[in-house]
Amino acid sequence: VEAAAAGKHILCEKPFALDVGQAREMLAAAERAKIVHALGTEFRFGGGQALLRRVVMDGTIGEPLHALHLLHVPALVDPAEDLPPWWEDATLGGGFLGAWGVHVIDQMRSTLGDFAGVSASLQKLAPRPKMTSDDTFTIHFRMTNGVQGAMVASMGIAGQPMAVTRI
């Protein structure tokens with residue numbers, strides 16, 4: 001907000017905002033200042049995500065009807081796994097939704113368009129006593145074009161890692 005008031009262009013990294021109200025305040029400040037402002041979503045340009053977006057946008061796979069992102073990485077099952085201090089602290093904007101979920105949300109939005117409806121839940125499943133943030137999220141969504149789907153991701157469950165995004 002201070003950077004916008006000073007007329008500075010902004011590239012904001014995560015954690016982006018602590019809640020929706022703060023995010024709206026930041027957006028309003030940037031729009032009032034008429035500055036360039038963006039959230040750092042660098043994974044959008046990674047090979048896999050860029051290819052998925054291209055094949056959906058150019059119609060290679062036909063008309064999208066459903067989307068699924070599933071990611072399970074059991075890294076936080078070990079309480080000794082080192083994390084940046086903000087990541088474990090909900091009051092600092094930490095958690096898996098903020099650390100990874102923002103990229104998945106960006107992938108779905110940049111590939112399929114705008115969201116029309118969203119329902120989500122967060123959980124903390126890992127045995128990390130000091131952790132106050134989430135390590136698991138489940139999001140059900142509907143896009144304005146009718147595509148429905150889910151994003152399910154966890155770093156707090158044991159087992160073999162798995163990752164898939166399907167449209």
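## Asp 134 and helix α5

Asp 134 is buried (under 20% relative accessible area with a 1.4 Å probe, protein chains only), yet has no salt bridge (a side-chain nitrogen of Lys or Arg within 4 Å of a carboxyl oxygen of Asp or Glu). This is a predicted model, where local features need pLDDT of at least 70, side-chain atom pairs count only at pLDDT 80 or more, and totals for chains, interfaces and linings use all residues. Residues are numbered from 1 along each chain as its sequence is written, and side-chain values use heavy atoms, leaving out hydrogens and water.

Student: Which side chain of opposite charge is nearest to Asp 134?

Tutor: Lys and Arg count as positive, Asp and Glu as negative, while His and the chain ends are not counted. At a distance of 11 Å, the nearest candidate is Lys 124.

Student: Which residue has its backbone nitrogen 2.9 Å from a polar atom of the Asp 134 side chain?

Tutor: Happily, we can start from position: Asp 134 sits in the loop between β4 (115–123) and β5 (136–143). The backbone nitrogen lying 2.9 Å from a polar atom of its side chain belongs to Leu 97.

Student: Where is the kink in α5 centred?

Tutor: Helix α5 covers residues 96–112, and its end C-alpha atoms are 23 Å apart, which agrees with the 24 Å expected at 1.5 Å a residue. The kink is about 35 degrees and is centred on Val 102.

Student: Which residue forms a salt bridge with Asp 106?

Tutor: Asp 106 is buried, at 12% relative accessible area. The closest N and O atoms are 2.4 Å apart, and the partner is Arg 44.

Key:
Helices (H or I, at least four residues) and strands (E, at least two) are DSSP runs, numbered from the N terminus. Buried means under 20% relative accessible area, exposed over 50%, partly exposed in between (1.4 Å probe, protein chains only). A polar contact is a pair of N or O atoms within 3.5 Å; within protein, one must be able to donate a hydrogen and the other to accept it, and residues adjacent in sequence count only if both atoms are side-chain atoms. The expected span of a helix is 1.5 Å times one less than its number of residues. The bend at a residue is the angle between axes fitted to the seven residues ending there and the seven starting there.
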